[in-house]
Amino acid sequence: RPLADGARDAYVGLHADKTHAFHGALDELSVWHRALSLGEILEWVVSCEPTPATHASLVVHERFEYASERADVARRRARTKASASFVNRLSVPAAARPAQARVTSGLKLSELKVHRMWTTPPTDAERKASDELALERREAVRSGFKHAWDGYKRYAWGQDELKPKSNTSKNWLHQAATMIDSLDCLWIMGFKEDFYEARDWIKANLRFDFSAGVSVFETIIRSLGGLLAAYDLSRERVFLDKAVELADVLLKAFTSPTGLPCTTLNFKTGACTFPGWTSGAAILSEFGTIQLEFKYLTQHTGDPKYADAALRVMAL
């Protein structure tokens with residue numbers, strides 16, 4: 001990805017795929033801004049001698065010194081490991097690293113070496129075979145999705161889920177969960193006719209005034225997230241309107257005495273409860289992962305109440 005001058009950190013990812021310009025064993029190289037300049041990064045990754053046949057693998061060796069926690073042991077061992085063992089850690093010479101940034105496990109980075117090794121580029125025949133295999137696999141995935149969608153459309157249209165063995169349906173969110181959850185895939189995979197058919201059903205039938213307790217978290221990530229994804233891809237206003245309608249109902253979940261959103265909400269009555277199996281406690285993995293959808297909604301409506309509600313929990 002492009003690297004900007006002055007960026008605090010940069011991430012360069014190369015994947016082992018012969019269809020890419022670079023291939024090899026490197027998954028991700030994390031470079032801290034004080035360790036390497038932009039020019040050095042570009043020299044190693046892009047190469048200062050670009051040619052149509054240029055292909056390279058990068059191998060990163062990070063040398064760490066291990067200091068025993070026991071003060072009476074003065075021995076130090078040196079370890080050299082592949083960069084994948086220390087993914088996302090700061091790759092910085094020890095002299096340039098601030099004390100607070102040192103690896104907390106007792107491993108102190110003392111040396112960083114980047115080796116560029118030239119490899120043989122794939123032939124035209126290998127590229128052609130790789131492309132044909134990729135297209136075959138892509139169509140297999142697309143066909144599998146369409147098979148599942150057609151089954152849902154035939155046996156569970158407008159319901160949450162299809163039960164494939166009995167060809168019956170199941171409702172637990174009462175929001176056509178499979179339909180909304182599939183909108184982005186329909187668009188991306190090119191099933192536009194099915195996408196617009198689902199859009200029309202949602203516009204005419206999707207309601208959020210039913211009397212049933214449903215999961216707040218699952219509604220946010222499936223229904224609210226699905227509607228916003230469909231809007232982002234298609235710019236069809238109906239999806240944003242429905243997302244606003246749903247979010248306004250979901251805001252009732254943020255009125256608990258603790259300020260944390262409840263786990264289960266009755267959309268009609270506003271009854272808000274926490275699960276018994278947590279002894280009435282809120283679930284961090286739920287209320288701590290719902291910020292994206294509400295922030296996106298604020299971004300596209302201009303109304304701060306959605307982002308404020310989701311972000312408020314981070315300050316509690």
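1. Lining of the largest cavity. Helix H5 makes the greatest contribution to the lining of the largest cavity in this predicted model, supplying 3 residues. The full lining consists of Val 216, Phe 217, Ile 220, Pro 261, Cys 262, Thr 263, Ile 283, Glu 286, Phe 287 and Ile 290. Two elements, H5 and H7, each give two or more residues to this lining. The space enclosed there is about 70 Å³, and the chain has 3 cavities of 30 Å³ or more.

2. Confidence along the chain. The mean pLDDT of the protein chain is 74, and 62% of the residues reach at least 70. Among the elements, helix H4 (residues 192-205) has the highest mean, 98, whereas strand S4 (residues 76-82) has the lowest, 34. Two stretches call for separate mention. Over residues 1-38 the pLDDT stays under 50, and the model has 82 contacts beyond four places in sequence for them. Over residues 46-110 the pLDDT likewise stays under 50, with 134 such contacts in the model.

3. Overall composition. The protein chain contains 9 helices and 10 strands. Of its 316 residues, 37% count as buried. Among contacts with a separation of 6 or more, 59% join residues 24 or more positions apart. The exposed area of the chain is about 18,300 Å², of which carbon and sulfur atoms supply 52%.

4. Helix H3 and its packing. Which residues of helix H3 (residues 177-188) are buried? They are Ala 177, Met 179, Ile 180, Ser 182, Leu 183, Leu 186 and Trp 187. In an α-helix there are 3.6 residues a turn, so residues three or four places apart point the same way. The buried residues of H3 pack against four named helices: H2 (124-155), H4, H5 (216-234) and H6 (237-250). Helix H5 thus appears in two settings, as a packing partner of H3 and as a contributor to the lining of the largest cavity.

5. Backbone on either side of H3. Ala 176 lies in the loop between strand S7 (168-170) and H3. Ala 176 is not a glycine, yet its phi is positive, at about 50 degrees. Ala 176 counts as buried because its relative accessibility is 2%, under the 20% limit. After H3 comes Gly 190, which also has a positive phi, near 90 degrees.

6. The loop between S10 and H7. Thr 278 is placed in the loop between strand S10 (272-273) and helix H7 (284-287). Is Thr 278 buried or exposed? Thr 278 counts as buried because its relative accessibility is 19%, a value under the 20% cut-off. A polar atom of the Thr 278 side chain lies 2.8 Å from the backbone oxygen of Ala 281.

7. Ser 279 in that loop. Ser 279 is also located between S10 and H7. Its phi is positive, about 60 degrees, although Ser 279 is not a glycine. With a relative accessibility of 71%, Ser 279 counts as exposed, the limit for that class being over 50%. The loop therefore holds both a buried residue, Thr 278, and an exposed one, Ser 279.

Note on methods. Residues numbered from 1 in each chain as written. Predicted model: local features only at pLDDT ≥ 70, side-chain atom pairs only at ≥ 80, totals over all residues. Heavy atoms only, no water. pLDDT = per-residue confidence, 0-100. Contact = heavy atoms within 4.5 Å. Buried < 20%, exposed > 50% of the residue type's maximum accessible area, 1.4 Å probe, protein only. Areas by Shrake-Rupley, 256 points an atom, 1.4 Å probe, with all protein chains shown as cover. Polar contact = N/O pair within 3.5 Å; in protein donor to acceptor, adjacent residues only side chain to side chain. 1 Å grid on protein atoms, 1.4 Å probe; cavity = no way out; pocket = protein on both sides within 12 Å on 5 of 7 lines; lining within 4 Å. Points joined across faces, edges and corners; volume = space filled by probe spheres on them.
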